[in-house]
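Here are my notes for your bench work, to be read with the model open beside them. They take up the strands, then a pair of helices, and lastly the ligand.

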Amino acid sequence: MTHEELVRKNDRLASALRATRQELATVQEQVRQLSTTPNTFGVIVRVNLQARTADVLMSGRKVRCAISEAVAAASLFPGREVILNDHMSIVSTSDFDDIGDIVPVTDFLPHGRIAVQVRDGEERVVRLAESLLDPAGNAKVRPGDLVRADLRGGFAYEAIERADTEELMLEEVPDVSYADIGGLGPQIAQIKDSIELPFLHPDHYRAHRLNPPRGVMLYGPPGCGKTLIAKAVATSLAQSAAELNPGAEARSYFISVKGPELLTKYVGETERQIRKIFYRARQRARAGLPVVVFFDEMDSLFRTRGTGRSSDVETTVVPQLLAEIDGVESLGNVVVIGATNREDMIDPAIVRPGRLDVKIRISRPDRGGAADILSKYLIPELPLDGDEVAAAGSRESAVAALIEGVVDALYTESPETVYVEATYDSGETEIFHVHSFASGAMLANIIDRAKKYSIKDQLRGLPGGISRAHLARAVAAEIRENADLPSAGSPDEWARVSGRRGARITHLRTLR
Ligand SMILES: Nc1ncnc2c1ncn2[C@@H]1O[C@H](COP(=O)(O)OP(=O)(O)OP(=O)(O)O)[C@@H](O)[C@H]1O
Ligand SMILES: [Mg+2]
């Protein structure tokens, strides 16, 4: 054998030997694995670093276990899943479990715990896993949030985001003031009286043992300023708060919730949302800022009562909302404002004294109201028709004259303004003119239209500036476009317009 042949043979033998050793090791490992007892998983409840022990939950049983030297005790936190050997020593950590029940948080409790709602309205206390605690040991979740919890182990592990729910609640710093609202002087005075007075003079109220109202209920036809007023209340409260507290910023929050959007098909979801809304309000209020919680289309939350559409809503949503409103008392900074077009649908429980007991009707504007509203939109600073200004003598007088023209066009009854004919169940008929359906929104829209006509004129090379002709065209266009609206209105609305409550309208005919 040559030297080279020997080297090759030696190599072959060596690699065969290596392969055999590898196989042996594999077999040995298999034998070892087959002969060891299965490992148990458990969840850490409490760790005692000094004693190097931990209390571990294993299928509902709590056991105090030793922590083996191989495990860094600092890596053990309550809620962490660990692996135990057959002597029940913790030999390694495992990942957090990633399945479980999704439950809503109802409350904070001391010592890293929270209350959650389980089935049938029952509540249970669970611990927050490390993943839900910030470094200072505070909970990262808030009441109303959803968490994934292991209810048997008694731990909440993870906040679950449900994308669609956050959007329900629109929170903003409002920018509408009472000065922007036209024609609702008495209503604004009433609101100031019932909400701002107690806010500014709580000591007087206390001395008289008079409980301030927790909120107001605004009702009336669409587009007449309910939302505007609610926002203005928030703005005004901010100013009052700043006056009481010189140096503080004049800020407030306006949390707006649409009733129908709150009613979701998930059982228990609506209650959770309500809880969340009021939690948010209280949180803001605690920081010293006034908060207005605005429930738009509030009737939808009560409509179901007694109609049998949903027993869930009937039995849980209304009482919960009432309970939350009752709870607002403890924080003078939160005001609840409800709005609806259907006062007849409001549950008496909600407007009971001590709740939204101030009921304010936001009516359609009359002549004077319409002129006032128009004056918020048609102002002397706008580009105005030169002839009109020259004839009137000043921009202010020109604006007044233009406004009068719009009001006349809308409110003076003529064949031009005939709108609909209603037939009552008695067979009588009644003709309604356009002004019976005037609203702030309609007036604002008329001015917007006129502005657009003026801009178009300017673009065409004409002098432009808002003119009588622009406004007349705008009124006509507005009437034309609203022609088929009444048929969509509710019969109750019609009865109210006609001023004959209780009289039933059987037929409506558009006369345009
Ligand atoms: N009294 C008013 N003064 C000035 N502007 C008004 C007034 N009422 C309505 N408007 C105008 O119409 C718009 C709609 O008004 P708002 O949203 O307050 O109506 P609403 O009563 O809340 O109606 P809805 O019942 O449909 O919610 C406002 O943004 C504003 O431009
Ligand atoms: Mg509104």
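1. In this predicted model, 5 strands close into a barrel, which runs in the order β6-β7-β8-β10-β9 and has mixed pairing. From one strand to the next, the twist averages 55°.

2. One pairing within that barrel can be followed residue by residue. Strand β6, which covers residues 101-109, and strand β9, which covers residues 146-150, pair in the antiparallel sense over 4 bridges; isoleucine 102 has arginine 148, in β9, as its bridge partner.

3. Two packed helices are described by the angle between their axes and by the distance between those axes. For α10 and helix α12 (residues 395-411), the packing angle is about 135° and the axes are 10 Å apart, and α10 is therefore oblique to α12. The crossing in which α10 passes α12 is right-handed.

4. Helix α10 (367-377) also has a part in the surroundings of ligand 1, since α5 (226-244), α10 and α13 (440-459) each supply at least two residues of the shell. In total, 20 residues surround ligand 1, and the closest of them are Pro222, Gly225, Lys226, Gly440 and Ala441. By character, the residues of this shell divide into 10 nonpolar, 7 polar and 3 charged.

5. Where does ligand 1 lie with respect to domain 4 and domain 5? Because domain 4 (169-361) and domain 5 (367-510) both give residues to the shell around ligand 1, the ligand lies between these two domains.

Definitions and conventions
Residues are numbered from 1 along each chain as its sequence is written. Chains are lettered from A and ligands numbered from 1 in the order in which they are written. This is a predicted model: local features need pLDDT of at least 70, side-chain atom pairs count only at pLDDT 80 or more; totals for chains, interfaces and linings use all residues. A residue is near a molecule or strand if its C-beta atom, placed from the backbone, lies within 6 Å of it. Ala, Val, Leu, Ile, Met, Phe, Trp, Tyr, Cys and Pro count as nonpolar, Asp, Glu, Lys and Arg as charged, and the others, Gly among them, as polar. Domain bounds come from an automatic or database domain assignment. Two strands pair if DSSP finds at least two bridges between them. Axes are lines fitted to C-alpha atoms, for helices over the stretch in contact, and angles run from 0 to 180 degrees between N-to-C directions. Angles under 35 degrees count as roughly parallel, over 145 as roughly antiparallel, 65 to 115 as roughly perpendicular and the rest as oblique. A crossing is left-handed if the near helix is turned anticlockwise from the far one by less than a right angle, and right-handed if clockwise.
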